[in-house]
Amino acid sequence: MLSARSLFQEIVDHDDSFQLFCSIAASGESQGGWENARIAALVPDGMRDLAPKITRHGADEDKHGRIFNALLRKRGLAPVPVPPETDYTMLLERRGIGLAHDKLRREERLTERDVLVYLAHSRVTEQRAADQMALLVRHFGDHPEVGRAVRMIGDDEDNHLAYCHEELLRLARAGHGPAIRGVLRESALAEIAVHRDVSLAVMGRMGRLLHWPAPKAAALAAGIRAVHAHERFAGWHRMVDLREPQRRDALGGPPVTAPEFA
């Protein structure tokens, strides 16, 4: 029977697939840390109050990258190169979603519109991250090897999502509602296509490492495409709605460190 629990258990139990999974995750989180650090440094003067929260966001992402690398070290494994077709962050950038890395490498102040784009893009991608981590916490929160890591990361992702809702609602009340809605919709539709492509690529790689039979690989690919079809038709709406979060000022304090994974 194919289930999220059984598939992830297979990946965790096999060194090669676990190595690839953690390498992809660590790379993406570290990239997010760099992006947020650059955005925090470049926010416009009129929005400097956001800089500490963006910095906190980036510090959390860096921590997540260290956690995944620490999981590799505990098993005596080293990170492996991330296949380009599995690089979620870079594939989103190529579709023009979020802030381009060329812009972030410059020493020019961002505009208010840039910050809006960053927050809207983050609201969409953090929804994906929070949903994925909630799934892992549900099935593997008590796992002796990865349970502590997924619980810690899952809590951070919930904070990140709450922060995006809160700040976008504040900007919407300041008159940016139409622009926010447009960027959210564009980001969500692009993200679900990239998520489909990356999921197919990752599962294809995992299937080869784990020697999945052709029917199993085909069933998984069909399932990924079915999820995408649902999201493309209607599911994307939940990625763009804005609501007051239960966690208020979720990134208002200092980063929570993870010394046991450092």
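**View 1. Cys-22 and Cys-164, two buried cysteines.** In this predicted model, Cys-22 has a relative accessible area of 0%, so with a cut-off of under 20% Cys-22 counts as buried. Cys-164 is buried too, and its relative accessible area is 0%. As for disulfides, a search through the whole structure turns up 0.

**View 2. The second largest pocket and its lining.** Here we look into a pocket with a volume of about 240 Å³. Its lining is made up of 13 residues. Nearest the centre you'll find Asp-158, Leu-161, Ala-162, Arg-243 and Pro-245. Two elements each give two or more residues to this lining: helix H6 (112–140) and helix H7 (147–210). Sorted by character, the lining has 5 nonpolar residues, 3 polar ones and 5 charged ones.

**View 3. His-211, a loop residue with a positive phi.** Most residues other than glycine have a negative phi. His-211 is not a glycine, yet its phi is positive, near 60°. Look for His-211 in the loop between H7 and helix H8 (214–233). With a cut-off of over 50% for exposed residues, His-211 makes the grade because its relative accessible area is 67%.

**View 4. Asp-249, a positive phi after H8.** Asp-249 sits in the segment that follows H8. Its phi is near 50°, again a positive value in a residue other than glycine. Is Asp-249 buried or exposed? The answer falls in between: Asp-249 counts as partly exposed because its relative accessibility is 42%, and that class runs between the 20% and 50% cut-offs.

Terms used
Residues numbered from 1 in each chain as written. Predicted model: local features only at pLDDT ≥ 70, side-chain atom pairs only at ≥ 80, totals over all residues. Heavy atoms only, no water. 1 Å grid on protein atoms, 1.4 Å probe; cavity = no way out; pocket = protein on both sides within 12 Å on 5 of 7 lines; lining within 4 Å. Points joined across faces, edges and corners; volume = space filled by probe spheres on them. Helix = DSSP H or I, 4+ residues; strand = E, 2+ residues; numbered from the N terminus. Nonpolar A, V, L, I, M, F, W, Y, C, P; charged D, E, K, R; others polar. Disulfide = S-S within 2.5 Å. Buried < 20%, exposed > 50% of the residue type's maximum accessible area, 1.4 Å probe, protein only.
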